[in-house]
Amino acid sequence: MDKEKIEIIGDNHIGFSVDTPMIPGAFDKTDDQKIAAIQHHFGKIMEELGLDLTDDSLSGTPYRFAKMYVKELFYGLNPANKPKLSVFENKYGYSKLLVEQNITIDSSCEHHFLPITGHAHIGYVPKDKVIGLSKINRLVDYYAHRPQVQERLSMQLLKDLQSILDTEDVIVMIAAKHLCVSSRGIKDKDSFTTTLEYGGCFKEDRKREEFLGILQHVAL
Ligand SMILES: [Zn+2]
(Lines give C-alpha, C1' and ligand atoms only; values in the text may rest on other atoms or scores of the structure.)
Protein backbone atom coordinates (compact mmCIF):
# COMPACT_ATOMS: atom_id res chain seq x y z
CA MET A 1 0.00 0.00 0.00
CA ASP A 2 1.40 3.42 -0.86
CA LYS A 3 2.22 5.88 1.92
CA GLU A 4 -0.49 8.37 0.97
CA LYS A 5 -3.22 5.72 1.20
CA ILE A 6 -1.81 4.58 4.56
CA GLU A 7 -2.15 8.14 5.90
CA ILE A 8 -5.68 8.56 4.51
CA ILE A 9 -6.95 5.33 6.10
CA GLY A 10 -5.39 6.28 9.44
CA ASP A 11 -6.58 9.87 9.63
CA ASN A 12 -10.11 8.96 8.60
CA HIS A 13 -10.21 5.89 10.84
CA ILE A 14 -11.49 3.67 8.10
CA GLY A 15 -12.14 0.08 9.12
CA PHE A 16 -12.94 -2.72 6.72
CA SER A 17 -14.56 -5.53 8.69
CA VAL A 18 -16.75 -6.26 11.71
CA ASP A 19 -14.44 -9.03 12.85
CA THR A 20 -11.00 -8.00 14.00
CA PRO A 21 -8.72 -9.06 11.12
CA MET A 22 -6.55 -11.90 12.42
CA ILE A 23 -4.09 -14.28 10.80
CA PRO A 24 -4.56 -18.07 10.98
CA GLY A 25 -2.70 -19.55 13.94
CA ALA A 26 -2.71 -16.21 15.77
CA PHE A 27 -2.54 -17.99 19.12
CA ASP A 28 -0.21 -20.86 18.31
CA LYS A 29 2.43 -19.18 20.47
CA THR A 30 1.99 -18.93 24.23
CA ASP A 31 1.73 -15.53 25.87
CA ASP A 32 5.28 -15.94 27.18
CA GLN A 33 6.59 -16.70 23.67
CA LYS A 34 4.80 -13.63 22.31
CA ILE A 35 6.19 -11.46 25.09
CA ALA A 36 9.74 -12.66 24.36
CA ALA A 37 9.36 -11.94 20.62
CA ILE A 38 7.77 -8.51 21.09
CA GLN A 39 10.40 -7.61 23.71
CA HIS A 40 13.08 -8.34 21.10
CA HIS A 41 11.39 -6.32 18.34
CA PHE A 42 10.51 -3.36 20.54
CA GLY A 43 14.09 -3.21 21.81
CA LYS A 44 15.13 -2.90 18.14
CA ILE A 45 12.67 -0.04 17.61
CA MET A 46 14.10 1.78 20.62
CA GLU A 47 17.61 1.26 19.29
CA GLU A 48 16.57 2.64 15.90
CA LEU A 49 15.34 5.73 17.73
CA GLY A 50 18.84 6.03 19.16
CA LEU A 51 18.01 5.11 22.75
CA ASP A 52 20.65 3.53 24.98
CA LEU A 53 19.20 0.26 26.26
CA THR A 54 22.03 -0.21 28.72
CA ASP A 55 20.66 2.72 30.74
CA ASP A 56 19.03 1.46 33.94
CA SER A 57 15.82 3.36 33.32
CA LEU A 58 15.41 2.07 29.76
CA SER A 59 16.77 -1.47 29.99
CA GLY A 60 13.52 -2.98 31.26
CA THR A 61 11.26 -1.06 28.88
CA PRO A 62 11.13 -3.64 26.04
CA TYR A 63 9.95 -6.31 28.48
CA ARG A 64 7.47 -3.99 30.22
CA PHE A 65 6.12 -2.89 26.85
CA ALA A 66 5.74 -6.48 25.57
CA LYS A 67 4.03 -7.68 28.74
CA MET A 68 1.67 -4.69 28.70
CA TYR A 69 0.69 -5.40 25.08
CA VAL A 70 0.03 -9.12 25.52
CA LYS A 71 -1.39 -9.24 29.05
CA GLU A 72 -3.11 -5.88 29.42
CA LEU A 73 -3.83 -3.60 26.44
CA PHE A 74 -4.54 -6.39 23.94
CA TYR A 75 -5.64 -9.31 26.12
CA GLY A 76 -9.01 -9.11 24.34
CA LEU A 77 -7.53 -10.41 21.07
CA ASN A 78 -7.40 -13.91 22.47
CA PRO A 79 -10.79 -15.67 22.51
CA ALA A 80 -9.52 -17.74 25.47
CA ASN A 81 -9.76 -14.53 27.54
CA LYS A 82 -13.39 -13.86 26.70
CA PRO A 83 -15.43 -13.53 29.91
CA LYS A 84 -17.97 -16.24 30.68
CA LEU A 85 -21.34 -14.65 30.04
CA SER A 86 -23.90 -16.69 31.84
CA VAL A 87 -27.47 -15.64 31.21
CA PHE A 88 -30.47 -16.32 33.41
CA GLU A 89 -34.09 -17.01 32.72
CA ASN A 90 -36.11 -13.80 32.86
CA LYS A 91 -38.21 -15.20 35.71
CA TYR A 92 -39.69 -11.92 36.88
CA GLY A 93 -40.75 -11.09 33.33
CA TYR A 94 -39.01 -7.68 33.18
CA SER A 95 -39.79 -6.49 29.67
CA LYS A 96 -38.91 -2.79 29.69
CA LEU A 97 -35.73 -0.99 28.79
CA LEU A 98 -32.66 -1.71 30.90
CA VAL A 99 -29.65 0.61 30.52
CA GLU A 100 -26.11 0.02 31.75
CA GLN A 101 -24.37 3.37 31.34
CA ASN A 102 -21.00 5.03 31.84
CA ILE A 103 -19.08 1.84 31.22
CA THR A 104 -15.43 2.80 30.97
CA ILE A 105 -13.82 2.41 27.55
CA ASP A 106 -10.08 1.89 27.60
CA SER A 107 -9.13 0.96 24.10
CA SER A 108 -6.52 1.62 21.42
CA CYS A 109 -6.92 2.82 17.88
CA GLU A 110 -5.72 0.22 15.40
CA HIS A 111 -4.34 2.85 13.02
CA HIS A 112 -1.95 4.51 15.45
CA PHE A 113 -1.94 2.24 18.53
CA LEU A 114 -2.85 5.24 20.69
CA PRO A 115 -5.50 5.31 23.45
CA ILE A 116 -9.24 5.65 22.89
CA THR A 117 -10.95 6.61 26.15
CA GLY A 118 -14.58 7.26 26.94
CA HIS A 119 -17.78 5.53 27.89
CA ALA A 120 -20.17 2.96 26.50
CA HIS A 121 -23.89 3.03 27.24
CA ILE A 122 -25.79 -0.13 26.50
CA GLY A 123 -29.50 -0.78 26.60
CA TYR A 124 -31.65 -3.84 25.94
CA VAL A 125 -35.19 -5.02 26.31
CA PRO A 126 -35.13 -8.54 27.75
CA LYS A 127 -37.11 -11.36 26.20
CA ASP A 128 -36.52 -14.79 27.80
CA LYS A 129 -32.99 -14.12 29.00
CA VAL A 130 -31.28 -11.61 31.27
CA ILE A 131 -27.59 -11.11 31.91
CA GLY A 132 -25.70 -10.19 35.09
CA LEU A 133 -25.07 -6.45 34.86
CA SER A 134 -21.33 -6.61 35.50
CA LYS A 135 -21.06 -9.09 32.60
CA ILE A 136 -21.91 -6.27 30.21
CA ASN A 137 -19.01 -4.25 31.62
CA ARG A 138 -16.72 -7.26 31.29
CA LEU A 139 -17.72 -7.77 27.66
CA VAL A 140 -17.01 -4.10 26.89
CA ASP A 141 -13.62 -4.39 28.60
CA TYR A 142 -12.80 -7.52 26.57
CA TYR A 143 -13.62 -6.09 23.14
CA ALA A 144 -12.05 -2.72 24.01
CA HIS A 145 -8.72 -4.38 24.77
CA ARG A 146 -7.81 -4.94 21.15
CA PRO A 147 -6.52 -2.59 18.50
CA GLN A 148 -9.88 -1.10 17.54
CA VAL A 149 -11.93 1.16 15.35
CA GLN A 150 -14.73 2.72 17.41
CA GLU A 151 -17.41 1.74 14.87
CA ARG A 152 -16.26 -1.87 14.92
CA LEU A 153 -16.18 -1.97 18.72
CA SER A 154 -19.82 -0.81 18.77
CA MET A 155 -20.82 -3.45 16.22
CA GLN A 156 -18.98 -6.27 17.94
CA LEU A 157 -20.72 -5.45 21.22
CA LEU A 158 -24.12 -5.21 19.54
CA LYS A 159 -23.75 -8.50 17.67
CA ASP A 160 -22.48 -10.39 20.69
CA LEU A 161 -25.14 -9.09 23.07
CA GLN A 162 -27.89 -9.81 20.55
CA SER A 163 -26.72 -13.39 20.28
CA ILE A 164 -26.15 -13.90 24.04
CA LEU A 165 -29.49 -12.34 24.99
CA ASP A 166 -31.32 -13.98 22.09
CA THR A 167 -33.00 -10.73 21.03
CA GLU A 168 -32.41 -8.05 18.42
CA ASP A 169 -33.55 -5.39 20.90
CA VAL A 170 -30.13 -4.06 21.88
CA ILE A 171 -28.59 -0.59 21.53
CA VAL A 172 -24.94 0.39 21.97
CA MET A 173 -23.66 3.95 22.19
CA ILE A 174 -20.01 4.86 22.60
CA ALA A 175 -18.66 8.37 23.15
CA ALA A 176 -14.89 8.47 23.16
CA LYS A 177 -11.84 10.63 22.69
CA HIS A 178 -9.06 9.48 20.41
CA LEU A 179 -5.54 10.43 21.38
CA CYS A 180 -4.53 10.18 17.72
CA VAL A 181 -6.90 13.08 17.02
CA SER A 182 -6.03 15.14 20.12
CA SER A 183 -2.24 14.71 20.21
CA ARG A 184 -1.21 14.38 16.58
CA GLY A 185 -2.64 15.16 13.16
CA ILE A 186 -5.33 17.82 13.64
CA LYS A 187 -4.49 18.05 17.39
CA ASP A 188 -8.04 18.81 18.47
CA LYS A 189 -8.15 18.48 22.25
CA ASP A 190 -11.90 18.83 22.71
CA SER A 191 -13.68 16.82 20.05
CA PHE A 192 -14.98 13.36 20.76
CA THR A 193 -16.65 10.71 18.64
CA THR A 194 -20.06 9.18 19.18
CA THR A 195 -21.23 5.95 17.59
CA LEU A 196 -24.66 4.39 17.84
CA GLU A 197 -25.50 0.85 16.77
CA TYR A 198 -28.88 -0.78 17.33
CA GLY A 199 -31.35 -3.37 16.16
CA GLY A 200 -34.88 -4.61 16.74
CA CYS A 201 -37.20 -2.24 18.62
CA PHE A 202 -34.52 0.49 18.70
CA LYS A 203 -35.13 1.07 14.99
CA GLU A 204 -38.25 2.89 16.20
CA ASP A 205 -37.58 6.59 16.91
CA ARG A 206 -39.65 6.45 20.10
CA LYS A 207 -37.60 3.60 21.59
CA ARG A 208 -34.30 5.23 20.63
CA GLU A 209 -35.45 8.51 22.18
CA GLU A 210 -36.32 6.71 25.41
CA PHE A 211 -32.75 5.37 25.57
CA LEU A 212 -31.15 8.71 24.67
CA GLY A 213 -33.42 10.51 27.15
CA ILE A 214 -31.99 8.45 29.98
CA LEU A 215 -28.46 9.24 28.86
CA GLN A 216 -29.09 13.00 28.85
CA HIS A 217 -29.04 12.85 32.63
CA VAL A 218 -25.49 11.60 32.78
CA ALA A 219 -22.16 13.04 31.76
CA LEU A 220 -20.76 11.38 28.65
ZN1 LIG B 1 -5.92 6.57 15.22
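Within this predicted model, Glu72 touches Lys67 and His145, when residues up to four places away in sequence are not counted. Glu72 has its place in helix α4, which covers residues 61-73. The contact with His145 joins distant positions of the chain: Glu72 and His145 are 73 residues apart in sequence, yet their C-alpha atoms are 7.4 Å apart in space.

The sheet may be considered next. Five strands form an open sheet in the order β5-β2-β3-β6-β7, and the pairing is mixed. The edges are occupied by β5 (147-148) and β7 (193-198), each with a single partner strand, so one side of each is left without a neighbour in the sheet. Helix α5 (residues 133-144) packs on this sheet and touches β2, β3 and β5; the direction of the helix makes about 20° with that of β2.

The pairings can be followed strand by strand. Strand β2 (residues 98-109) runs antiparallel to β3, and nine bridges join the two. Ser108 marks one of the positions in this pairing, standing opposite Pro115 in β3. The two strands form a hairpin with five residues between them, and Phe113 in the turn has a positive phi of about 55°. Strand β3 is in turn joined to strand β6 (residues 170-178) by nine bridges, again in an antiparallel arrangement. Here Tyr124 stands opposite Val170 in β6, and the bridge partner of Ile122 is Val172 in β6. Six bridges then join β6 to β7, which also run antiparallel. In this pairing Ile174 stands opposite Thr195 in β7, while Ala175 has Thr194 as its bridge partner in β7.

Burial adds a second view of these strands. Seven of the 10 residues of β3 (residues 115-124) are buried, so this strand is largely enclosed by the rest of the structure. For β6, eight of the nine residues are buried, so β6 is likewise largely enclosed by the rest of the structure. Ile122 offers a detailed example from strand β3. With a relative accessible area of 1%, Ile122 counts as buried because the limit for that class is under 20%. Apart from neighbours within four places in sequence, Ile122 is in contact with Leu98, Val99, Glu100, Ile103, Ile136, Val140, Leu161, Ile171, Val172 and Phe211. Ile122 and Met173 are 51 residues apart in sequence, with their C-alpha atoms 6.3 Å apart in space.

The loop between β2 and β3 contains Leu114, which is partly exposed at 26% relative accessibility. Not counting residues up to four places away in sequence, Leu114 touches Ser107, Ser108, Cys109, Leu179, Cys180 and Arg184. Leu114 and Leu196, by comparison, are 82 residues apart in sequence and 22 Å apart in space, C-alpha to C-alpha.

Charged side chains form a further set of links, and a search of the whole structure finds nine salt bridges. One of them is the pair of Asp19 and Lys159, with an N to O distance of 3.9 Å. This pair links distant parts of the chain, as Asp19 is in the loop between α1 and α2 and Lys159 is in helix α6 (residues 150-165), 140 residues apart. Asp19 is exposed, with a relative accessible area of 54%, whereas Lys159 is partly exposed at 45%. Another salt bridge is formed by Arg152 with Glu110, whose closest N and O atoms are 2.8 Å apart. Arg152 lies in helix α6 and Glu110 in the loop between β2 and β3, so the pair ties together parts that are 42 residues apart in sequence. Arg152 is buried at 4% relative accessibility, while Glu110 is partly exposed at 22%. Arg206 and Glu204 also meet in a salt bridge, at 2.9 Å from N to O. Of this pair, Arg206 is exposed with a relative accessible area of 57%, and Glu204 is partly exposed at 40%.

Finally, the surface carries a nonpolar patch of about 310 Å², made by Ile8, Ile14 and Phe16. Ile14 lies in the loop between α1 (3-11) and α2 (31-48). The relative accessible area of Ile14 is 32%, so this residue is classed as partly exposed.

Methods:
Residues are numbered from 1 along each chain as its sequence is written. This is a predicted model: local features need pLDDT of at least 70, side-chain atom pairs count only at pLDDT 80 or more; totals for chains, interfaces and linings use all residues. Side-chain values use heavy atoms; hydrogens and water are left out. Patches are made of residues with over 30% relative accessible area and no salt bridge: like charges are joined within 9 Å, nonpolar side chains (Val, Leu, Ile, Met, Phe, Trp, Tyr) within 5 Å. Accessible areas come from the Shrake-Rupley method with a 1.4 Å probe; for residues, only the protein chains shown count as cover. A salt bridge is a side-chain nitrogen of Lys or Arg within 4 Å of a carboxyl oxygen of Asp or Glu. Helices (H or I, at least four residues) and strands (E, at least two) are DSSP runs, numbered from the N terminus. Buried means under 20% relative accessible area, exposed over 50%, partly exposed in between (1.4 Å probe, protein chains only). Two strands pair if DSSP finds at least two bridges between them. Contact means heavy atoms within 4.5 Å. Axes are lines fitted to C-alpha atoms, for helices over the stretch in contact, and angles run from 0 to 180 degrees between N-to-C directions.
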